[in-house]
Amino acid sequence: GSSGINAEWPLRPGLEELYKKTAWCFDKKYPTSGKSHEMFKEAAQKPEVLDELDIDDHTKEVLLKNIKRRLTPQAVKVRADVEVLCYAYEGIDAVKAALRAGLKLATEEVPLKINLIAPPIYVISVTLFNEEKGVEAVRASMEAIKNSIEASKGTFNVKLDPKVVTEREDQKLQEELEQRERDMMEKDGDEDSEDEESEDDEEEESDENEV
């Protein structure tokens, strides 16, 4: 009988009636499958879509509230942590070029970002409504960075595979990045006079390869 259905998804009194007047109404009017779901999705952005239904204002309000809660797409943030380093003569430029190669894949729809956590660790992230697309985009960016840095005899390591981060993890990352910025500003104030050129190894100059 129908008790199995009720155990899983108890239809509250009147809900079936509501369904008849809403989802089934849309499905009958627009025969393509899943049309009511599409219409509800649209209603989350444009409530007037529900005007053609045979329901009173209060019911419409309740329905809209439920639709918004269930169907408003949630943006997810995907991040990966990578290590990018190069000890060759052109080291720092090679790293910069590799990161630029990774960022080249950013578009308006796929707003990839790359931030420095602490040398040589960088975080690649993107916020999208589609988790799979986000993971794909971050992977593609990692691949571009890897190819670029390895062509310059540098090293690429994955520290954290692409994964969806929760708001709490994201908050923690933001705090790390802000803390790092503060540290950098203090450090820059202290060490303006220090000369960094001396770190370059003389004998590696012959390895210099053109990019």
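The exercises below concern helix α6 and the nonpolar cores of a predicted model.

**Exercise 1.** Determine what end-to-end span helix α6 should have, and compare that value with the model.

*Solution.* Helix α6 comprises 13 residues, numbered 91–103. At 1.5 Å a residue, the expected span is 18 Å. The C-alpha atoms at its ends lie 19 Å apart, which agrees with the expectation.

**Exercise 2.** Establish which residues of α6 are buried and how they are arranged about the helix axis.

*Solution.* Taking buried to mean under 20% relative accessible area, one finds G91, A94, V95, A98, L99, A101 and G102. Viewed down the axis of α6, these buried residues fall within an arc of 155°, so they line one face of the helix. On the other side of α6, I92 and R100 are exposed. The cover over the buried residues includes the strands β1 (76–85), β2 (113–118) and β3 (121–128), together with helix α7 (131–151).

**Exercise 3.** Identify the largest nonpolar core and the elements that give two or more residues to it.

*Solution.* The largest nonpolar core contains 23 residues. Those with the most contacts inside this core are V84, I124, V138, I145 and I149. Two or more residues come from each of β1, α6, β3 and α7. Of the elements, α7 gives the most, with five residues.

**Exercise 4.** List the residues that I145 touches, leaving aside those up to four places away in sequence, and then locate another core.

*Solution.* With contact taken as heavy atoms within 4.5 Å, I145 touches V84, A98, L99, G102, I114, I124 and F156. Apart from the largest core lies another, of 11 residues, including F40, A43, V49 and I67.

Methods
Residues numbered from 1 in each chain as written. Predicted model: local features only at pLDDT ≥ 70, side-chain atom pairs only at ≥ 80, totals over all residues. Heavy atoms only, no water. Helix = DSSP H or I, 4+ residues; strand = E, 2+ residues; numbered from the N terminus. Expected span 1.5 Å × (residues − 1). Buried < 20%, exposed > 50% of the residue type's maximum accessible area, 1.4 Å probe, protein only. Arc of directions from axis to C-beta. Core = buried A, V, L, I, M, F, W, Y, C linked by side-chain atoms within 4.5 Å.
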